[in-house]
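Trainee: I've just opened this one and I'm new to it. Could you walk me through it?

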Amino acid sequence: MALYPTYPLETERLRLRPFTRGDVDAVFAYRQREDVARFLFDSPLSREECALAVQQRIAQTSLSEEGDKIVLGVELADTGELIGEVSLIWRSVEHQQGEVGWILHPSFHGQGYGTEAASAMLDLAFRQADLHRVIARCAAENAPSFHLMERLGMRREAHFREHAISKGAWDEEFIYAILQREWVGCTGPSEATSSIFN
Ligand SMILES: CC(C)(COP(=O)(O)OP(=O)(O)OC[C@H]1O[C@@H](n2cnc3c(N)ncnc32)[C@H](O)[C@@H]1OP(=O)(O)O)[C@@H](O)C(=O)NCCC(=O)NCCS
């Protein structure tokens, strides 16, 4: 089923909303960094590359066919500051499969914002888009990312050994997944965050 969400998506401390042209500097602030790019497919981005990425993201707000991607800016509800981004990709229409992802500015790590934003994306995937299964993937060395997946209740389903060459070296990849009944059965939209964090 197609999904045209109403924005912003609000959580206890965050607003998830479509990107705008005014976001280029905030995106550059985290995407230019080596520590942020370390486990991403991309190298650190220039300001021009960030401007192009933001331009692309402005249109990525709905799912109408397979391969479509929603990418939302993560904003602190209190200050309106943009601290990162989260995504949901419609991987298979026939099999109701999706994939989520996340990037936060390092100044905002270690405070549960990633888990809170990702919870809202799983709510979107399971409660609004009616997906059956959602995966997330990361480099096996990216402990902060797979810890986040585990906080969400996702299960490690695969460890691909040397499945690709990334930035000149063999990459090891983990795939995590969660089913709709597992997410909906144990959380509610507003309970999602508190049950994870309590
Ligand atoms: C992946 C990424 C988003 C994880 O960030 P993170 O800060 O570890 O994750 P969260 O925002 O969910 O924060 C969880 C941490 O905050 C702590 N925390 C502090 N206050 C908290 C609160 N009020 N609520 C919840 N957790 C809180 C948790 O204990 C946890 O810390 P721990 O990992 O030391 O146990 C971040 O490392 C990142 O952006 N990396 C660069 C980009 C990247 O690699 N993306 C993924 C590609 S696959």
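Mentor: Let's start with a term: a residue counts as buried when its relative accessible area is under 20%, and as exposed when that area is over 50%. Keep in mind that this is a predicted model.

Trainee: Okay, how many of the residues of strand 8 are buried?

Mentor: Strand 8 covers residues 169–179. It is largely enclosed by the rest of the structure, because the buried residues of strand 8 number nine of the eleven.

Trainee: Which strands does strand 8 pair with, and how many bridges join each to it?

Mentor: The open sheet has eight strands in the order 1-2-3-4-5-6-8-7, with mixed pairing, so look at either side of the 8 in that order. Strand 6 runs antiparallel to strand 8, and Ala 139 stands opposite Glu 173 there. Strand 7 is antiparallel to strand 8 too, with Ala 164 opposite Asp 171. The bridges are seven with strand 6 and eight with strand 7.

Trainee: What sits in the turn between strand 7 and strand 8, and what is its phi?

Mentor: These two strands make a hairpin, with two residues between them. The turn includes Lys 167, whose phi is positive, at about 50°.

Trainee: Which strands stand at the edges of the sheet?

Mentor: An edge strand has a single partner, so one of its sides is left without a neighbour in the sheet. At one end, two bridges join strand 2 (residues 14–18) to its antiparallel partner, and Leu 16 stands opposite Leu 9. The edge strands are strand 1 (9–10) and strand 7 (155–166).

Trainee: Which helix lies across strand 6, and at what angle?

Mentor: The helix spans residues 143–151. It lies across strand 5 (97–104), strand 6 (133–139), strand 7 and strand 8. That's helix 5, running at about 155° to strand 6.

Trainee: Why is the pair of Phe 146 and Phe 174 edge-to-face?

Mentor: The structure holds three aromatic pairs, and this is one of them. The ring centres are 5.3 Å apart, and planes over 60 degrees apart count as edge-to-face. Here the planes are at 75°.

Trainee: How far apart in sequence are the parts that this pair of Phe 146 and Phe 174 ties together?

Mentor: Both residues are buried. Phe 146 lies in helix 5 and Phe 174 in strand 8, so the pair ties together parts of the chain separated by 28 residues.

Trainee: And which residue forms a stacked pair with Phe 146?

Mentor: The planes in that pair are 10° apart, with 6.4 Å centre to centre. The partner is buried, like Phe 146, and it lies in strand 8, 30 residues away. Together with Phe 174 the two form one aromatic cluster, and the partner is Tyr 176.

Trainee: Which residue lies over the faces of both Phe 146 and Phe 174?

Mentor: It is 5.2 Å from the ring centre of Phe 146. For Phe 174 the distance is 3.8 Å. The residue is Arg 156.

Trainee: Is Met 1 buried or exposed?

Mentor: Met 1 lies in the segment before strand 1. Beyond its neighbours within four places in sequence, its contacts include Trp 90 and Gln 128. Its relative accessible area is 56%, so Met 1 is exposed.

Trainee: Last one: where does pLDDT stay under 50?

Mentor: The chain averages 94, and 94% of the residues score at least 70. The stretch you want has 18 contacts beyond four places in sequence. It is residues 188–198.

Key
Residues numbered from 1 in each chain as written. Predicted model: local features only at pLDDT ≥ 70, side-chain atom pairs only at ≥ 80, totals over all residues. Heavy atoms only, no water. pLDDT = per-residue confidence, 0-100. Contact = heavy atoms within 4.5 Å. Phe/Tyr/Trp six-rings, centres within 6.5 Å; stacked < 30°, edge-to-face > 60°. Helix = DSSP H or I, 4+ residues; strand = E, 2+ residues; numbered from the N terminus. Buried < 20%, exposed > 50% of the residue type's maximum accessible area, 1.4 Å probe, protein only. Lys NZ or Arg CZ within 6 Å of the ring centre and 35° of its normal. Pairing = 2+ DSSP bridges. Axes fitted to C-alpha atoms, helices over the stretch in contact; angles between N-to-C directions.
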